[in-house]
Amino acid sequence: MNLALFVVVLLTAIALVAVALTLSRLLSPRSFNKQKGEAYECGIPTRGRSWMQFKVGYYLFAILFLMFDVEAVFLFPWAVTVREVGVMGLVNVIFFVVILVLGLAYAWKKGALEWK
Amino acid sequence: MFDFSVVTKWVDMMLRQWLPESWVLTTEFVLIGLCVLVGYAIIALVLIYVERKVCAFFQCRLGPNRVGPYGLLQSFADMFKMLTKELIEVNHVDRFLFNLAPYIVIISSVLAFGCIPFAKGLEIIDFNVGVFFLIAVSSIGIVGILLAGWSSNNKYSLIGAMRSGAQMISYELSIGLSILTMVVFSGTMQLSTIVAEQADGWFLFRGHIPALIAFVVYLIAGTAETNRGPFDLPEADSELTAGYHTEYSGMHFGFFYLAEYLNMFVVASVATTIFLGGWMPLHIPGWEAFNAAMDWIPSLLWFIAKVAVVIFIIMWFKWTFPRLRIDQLLRLEWKYLLPINLVNLLLMVLVVVFELHF
């Protein structure tokens, strides 16, 4: 039942965008002008391509994010059963988290968290 | 307290009387879809109005006051205007991705909107992994923003999208970990159960200091997640014109705008559900008369009031703090919030394992 509702809400979202865009295309005026298609750049023609190599700093943070997000994913099932697994489970999880925190400490020390 | 499942049961019964069996479910699904659409649109438009009014009062202005009484119809008028504006297709854009991006952004916010418990019996999607689902769904929005920036073939858009991506994935961690802290405390991920557990006292009060820290971290990370307030550098007007939606016009832009406000609502209502008791009235154990009086106020009103308070705080942030630089932003997350969150998680586990909570 929940899965069906999920699909219903998903289809609603798609319908919202599709219907509104169709309505907009029907209602809106249209005019053709060569200048209109140019990229917005304060009136100056764009120099070079916009699809180009980009600063690697963003990539580093994405990698770090991946590490900790996967950690959070692993911790969720444990979080639900904290009361059942008790102290023994806690010790195991602390072991797991400490390894990841060591990773963060390494990245910190290497200066990966600085924005250069 | 009024139970909304009475209404849904009544609708179901009426439909079964009037329609053949096979059509009942389809009609109900269509009704649910319509409710979601109407709720989504109205909440977003009301929020846009409230934001403009609150912003105006913070700056000693009047804000919109011409269209309708107190300018109440201003955002509706704006939406209709936006519908009748031309959708400009810029040269050299990646057309498929350019058109796909609004879909992804809207899908992410509608799905997150769909699993919030609004009132007693008023909840659409209620997975037993609800919290997890919410986090997963709301992080899809990042893909939409990155696509929008990349496909626009504009350097402003690209820089805005990259900043937005870095910011949102970073603060996603803090949101995830502070919610994880509360999942440890509640022992379940189902949103309806989380709300039901808070009948005797909200988690913010019952969870001691760890819950309070998690709430503060959640509020900061939630503000950053919605690209608002002091964290609005993805669309910093003074340097990037409009960030990732520079090239979008008309209704295309309208979707990004709607999704931004809806995301703020989702962040506020998740904070309400997990920390402030959802639609549960304020109950103090032992005070029978007080509790009975609080039960008189409808649950939907409780929910809306709490969400309104959280949204006001988020807006307050926006008009109080100056914008951060990207290095300050990432330092705040990775060097302060994340370690605080990890220590806080440990504290919460100790509280739960040794049963120190109320």
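Angles between helix axes under 35 degrees count as roughly parallel, those over 145 as roughly antiparallel, those from 65 to 115 as roughly perpendicular, and the rest as oblique. The axes themselves are lines fitted to C-alpha atoms, for helices over the stretch in contact, and the angles run from 0 to 180 degrees between N-to-C directions.

The structure is a predicted model, in which local features need pLDDT of at least 70 and side-chain atom pairs count only at pLDDT 80 or more, while totals for chains, interfaces and linings use all residues. Residues are numbered from 1 along each chain as its sequence is written, and chains are lettered from A and ligands numbered from 1 in the order in which they are written.

**Exercise 1. State how α4(B) and α6(B) are oriented to each other, and list what joins them.**

Step 1. Helix α4(B) covers residues 95–114 and helix α6(B) residues 140–151, and their axes come within 8 Å and cross at roughly 160°. Helices here are DSSP runs (H or I, at least four residues), as strands are (E, at least two), numbered from the N terminus.

Step 2. The two helices are therefore roughly antiparallel to each other.

Step 3. The crossing of α4(B) and α6(B) is left-handed; a crossing has this name if the near helix is turned anticlockwise from the far one by less than a right angle, and is right-handed if clockwise.

Step 4. Residues are in contact if their C-beta atoms, placed from the backbone, lie within 7 Å. Among those that make this contact are L97(B), F98(B) and A101(B) of α4(B), and G144(B), L147(B) and W150(B) of α6(B).

Step 5. The residues of this contact divide into 13 nonpolar, five polar and no charged, where Ala, Val, Leu, Ile, Met, Phe, Trp, Tyr, Cys and Pro count as nonpolar, Asp, Glu, Lys and Arg as charged, and the others, Gly among them, as polar.

**Exercise 2. Describe in the same steps how α7(B) packs with α10(B).**

Step 1. The axes of α7(B) and of α10(B), which is residues 208–225, come within 9 Å and cross at roughly 155°, and the pair is therefore roughly antiparallel.

Step 2. α7(B) passes α10(B) in a left-handed crossing.

Step 3. The contact includes Q167(B), Y171(B) and F185(B) from α7(B), with P210(B), Y218(B) and E225(B) from α10(B). By class it has 12 nonpolar, five polar and two charged residues.

**Exercise 3. Work out how α2(B) and α3(B) pack, then place L73(B) in the loop between them.**

Step 1. The axes of α2(B) and α3(B) lie 8 Å apart at an angle of about 120°, and their crossing is right-handed.

Step 2. L45(B), I48(B) and Y49(B) of α2(B) meet Q74(B), S75(B), F76(B) and M79(B) of α3(B). This contact has five nonpolar, two polar and no charged residues.

Step 3. L73(B) sits in the loop between α2 (21–58) and α3 (74–83) of chain B. L73(B) and L45(B) are 28 residues apart in sequence, yet 9.2 Å apart in space from C-alpha to C-alpha. Leaving aside residues up to four places away in sequence, L73(B) touches V67(B) and G68(B).

Step 4. A residue is buried if 20 or more other C-beta atoms lie within 10 Å of its own, exposed if 12 or fewer, and partly exposed in between, with C-beta atoms placed from the backbone. L73(B) counts as partly exposed because it has 16 C-beta neighbours inside 10 Å.

**Exercise 4. Decide whether C60(B) is buried or exposed, and treat Y70(B) likewise.**

Step 1. C60(B) is found in the loop between α2 and α3 of chain B, and Y70(B) is found in that loop too.

Step 2. Phi of C60(B) is near 60°, a positive value in a residue other than glycine; phi of Y70(B), also positive in a residue other than glycine, is near 55°.

Step 3. C60(B) is exposed because 6 other C-beta atoms lie within 10 Å, whereas Y70(B), with 14 of them, is partly exposed.

**Exercise 5. Find how many residues of α5(B) are buried, and what covers them.**

Step 1. Helix α5(B), residues 130–138, is mostly covered, since eight of its nine residues are buried. Among these are G130(B), F132(B) and S138(B).

Step 2. The cover includes α2 of chain A, together with α4, α6, α7 (155–186), α8 (191–197) and α12 (250–275) of chain B.

Key. Contact = placed C-beta atoms within 7 Å.
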